[in-house]
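Trainee: I'd like to learn how the terms for a structure are justified. Can we go through some, one by one?

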Amino acid sequence: MPPDPHSDLASEIAYVKTLAEEGRNAPLVGGVLYVIWGAVIGAASMLTYLRIVDVIKIEFVGDLGFWIGALAIGWAASFLIGRRSGLKPGAFTIGNRTATSAWFAVGVYISIFWIAAVLFRGHFTLVGIDPKTIFGLIFPITFGLYGIAFYATATAARLDWMRGFALAAWIFSLAALYFINDPRHLLVGALGSLICAVLPGLILMRREPSDIV
Amino acid sequence: MKETGFDYREIDDVIHGRVRLAVMAYLSGAGSADFNELKAKVGGTDGNLSVHLRKLEDAKYVRVEKTFRERKPRTICHLTEKGRRAWIAYIDWLQSLIASPR
């Protein structure tokens, strides 16, 4: 019996379809970066809160140098550990490129905002605005941007569950705004970092391919 | 040929090969991929894949970008807009083939 050309064609199409779906559904590979920054900012926020309410009595905790140190740890860990994410299979998919761009933009803007808030402290005091209020805006803005980045990433990588983290981030944004000028906004920041960065980071890490290409 | 709805002249020879077809299929989903990632997905040797990628690059279906990461050379392949259009046309051709009477 001669081979059925339609059968051969069907298996060829099935092969092509499988490959196309594998390419489209390649997992996101930057989970470790979410974990690094969530852990660093969450821990720094919690320690600052505990210092303000006098549970920790170390002067250095919570001041400008402490936060610069925390950010330096975050960037160092991102460089040493996080850069390997870019070597994993799927790192160049549409989903991963969108996620990288969105989160990079978020990181850049938050850093610029924080630096500007530090530099403009004198000006704020001069015009009668408490600089602490400006610093209190960092978490509402940060979580708002997290939500946008989660939403864009969810769409590009077709990860519907990630929209839940977008919603959670916006809720933390509003909660942090509500507690502005209240030390509890740091608790909101710590909890938000855990739920909106560490948790999704761990979920992504479990799905990531382990090999480096 | 027209009575079957199938015209062999519509076959895109650039895509119509096992390895190139696999590369185009994977890139149609991923958009871009590292050379080693492609090799793992479509199989074959470095040399074999390079030859097929060159053919796709010559047809401007794929853009090949060479970079360095951690001092190691890296080849990243991107599906171009022309390549995506050709891929869609190829899929249409396959569909017309299936629709043709046995």
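**From values to terms**

Mentor: Start with chain B, which has 4 helices and 3 strands. This is a predicted model. From the N terminus, the order in chain B is α-β-α-α-β-β-α.

Trainee: What makes a residue of chain B count as buried?

Mentor: Its relative accessible area must be under 20%. Of the 102 residues in chain B, 46% count as buried.

Trainee: How do you describe the packing of helix 1 and helix 2 of chain B?

Mentor: Two packed helices are described by the angle between their axes and the distance between the axes. For helix 1 (residues 18–30) and helix 2 (residues 35–42) of chain B, the angle is about 115° and the axes are 10 Å apart. Their crossing is right-handed.

Trainee: Which residues make that contact?

Mentor: Helix 1 of chain B brings V19(B), A22(B), V23(B), Y26(B) and L27(B). Helix 2 of chain B brings E37(B), L38(B), K41(B) and V42(B).

Trainee: What classes do the residues of this contact fall into?

Mentor: There are 7 nonpolar, no polar and 2 charged residues. Glu and Lys count as charged, so E37(B) and K41(B) are the charged ones.

Trainee: Now chain A. How do you know what span to expect for helix 9?

Mentor: Use 1.5 Å a residue. Helix 9 (residues 184–207) of chain A has 24 residues, and 34 Å is expected. From first C-alpha to last, helix 9 reaches 34 Å, close to that value.

Trainee: Where is the kink in helix 9 of chain A centred?

Mentor: On L194(A), with a bend of about 25°.

Terms used: Residues numbered from 1 in each chain as written. Chains lettered and ligands numbered in written order. Predicted model: local features only at pLDDT ≥ 70, side-chain atom pairs only at ≥ 80, totals over all residues. Heavy atoms only, no water. Axes fitted to C-alpha atoms, helices over the stretch in contact; angles between N-to-C directions. Helix = DSSP H or I, 4+ residues; strand = E, 2+ residues; numbered from the N terminus. Left-handed = near helix turned anticlockwise from the far one by under 90°. Contact = heavy atoms within 4.5 Å. Expected span 1.5 Å × (residues − 1). Bend = angle between axes of the 7 residues up to and from the residue. Buried < 20%, exposed > 50% of the residue type's maximum accessible area, 1.4 Å probe, protein only.
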